[in-house]
Amino acid sequence: MGIPGLVIHSFEYQEKQSSLPEVNETIDFSSDLFVTKTGSRIFVPLNILNQKISVPAKTDHRKMPARNRFSYSEKDSLIFQIPDGYQTETIPKDKLVKSEFGTYFTQIIQQADQLIFIRELEVFQGEWPKEKYLEITDFYSAVSGNDKARLVLKEK
């Protein structure tokens, strides 16, 4: 999973048999090493499971249409336990990106000493003229940029 110091406490998955395949995974894990502490603040990356890292390179001289052969969707919910002696200082705002290439949504819900991070990404199948290519890269850039959002906690 690429998370330093990962300790998996439990893991289970359920397959849903239907015309659209679906798998639901439930993983209970912890890690004391994936956050960054600076002074009295802790910086917590929110999307630790499914970051969109690759973004198509921008080019003004594309000659062929852009094609996405497959559609897919990802839905993740992560629950973060706020450590004793800390409180939230900065919580990223909810984000919604809608385009003809896909949709992207994130939301953070605070409940007592926990934060629930919800992320949904749906990428559409299709073919678009070369003139739309820069819009496609903008969509993936928005997703990738928001996937790097961090929560900031500070000592009480």
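## Aromatic rings and paired strands

Let us start with one ring: phenylalanine 11 counts as partly exposed because its relative accessibility is 45%, and partly exposed lies between the limits of 20% for buried and 50% for exposed. Keep in mind that you are looking at a predicted model.

**Aromatic pairs**

How many aromatic pairs does a search of the whole structure find? The answer is three. Two of them are set out here, with the distance between ring centres and the angle between ring planes.

| Pair | Type | Centre to centre | Angle between planes |
|---|---|---|---|
| Phenylalanine 11 and tyrosine 13 | tilted | 6.2 Å | 45° |
| Phenylalanine 139 and tyrosine 140 | edge-to-face | 5.3 Å | 75° |

Are the two residues of the edge-to-face pair buried or exposed? Phenylalanine 139 is buried, since its relative accessible area is 3%, and tyrosine 140 is buried too, with a value of 11%. Both conclusions follow because buried means under 20% relative accessible area.

**The first hairpin and its surface patch**

Now go back to phenylalanine 11. Together with Ile8, Tyr13 and Val23, Phe11 makes a nonpolar surface patch of about 410 Å². Which strand gives the largest share of this patch? Strand E1, covering residues 7-16, supplies three residues. Tyrosine 13 is found in strand E1.

Strand E1 has a partner to look at as well. Strand E2 (residues 22-30) runs antiparallel to E1, and nine bridges join the two. E1 and E2 form a hairpin, with five residues between them. You can pick out one of the bridges yourself: glutamate 15 has valine 23 in E2 as its bridge partner. Val23 also belongs to the nonpolar patch.

A general rule is handy when you look along any strand. In a regular strand, side chains alternate between the two faces of the sheet.

**A sheet of four strands**

Elsewhere, you can trace an open sheet of four strands in the order E6-E10-E9-E8, with antiparallel pairing. Which strands stand at the edges? They are E6 (72-81) and E8 (95-99); each has a single partner strand, so one side of each is left without a neighbour in the sheet. On average, neighbouring strands of this sheet are turned by 10° against each other, if direction is ignored.

The partner of edge strand E6 is E10, as the strand order shows. Strand E10 covers residues 114-123 and is joined to E6 by 10 bridges, with the two strands running antiparallel. To find one bridge, look for phenylalanine 80, whose bridge partner in E10 is leucine 115.

Note on methods. Residues are numbered from 1 along each chain as its sequence is written. This is a predicted model: local features need pLDDT of at least 70, side-chain atom pairs count only at pLDDT 80 or more; totals for chains, interfaces and linings use all residues. Side-chain values use heavy atoms; hydrogens and water are left out. Patches are made of residues with over 30% relative accessible area and no salt bridge: like charges are joined within 9 Å, nonpolar side chains (Val, Leu, Ile, Met, Phe, Trp, Tyr) within 5 Å. Accessible areas come from the Shrake-Rupley method with a 1.4 Å probe; for residues, only the protein chains shown count as cover. A salt bridge is a side-chain nitrogen of Lys or Arg within 4 Å of a carboxyl oxygen of Asp or Glu. Two strands pair if DSSP finds at least two bridges between them. Rings of Phe, Tyr and Trp (its six-membered ring) pair if their centres lie within 6.5 Å; planes under 30 degrees apart count as stacked, over 60 as edge-to-face and the rest as tilted. Buried means under 20% relative accessible area, exposed over 50%, partly exposed in between (1.4 Å probe, protein chains only). Axes are lines fitted to C-alpha atoms, for helices over the stretch in contact, and angles run from 0 to 180 degrees between N-to-C directions.
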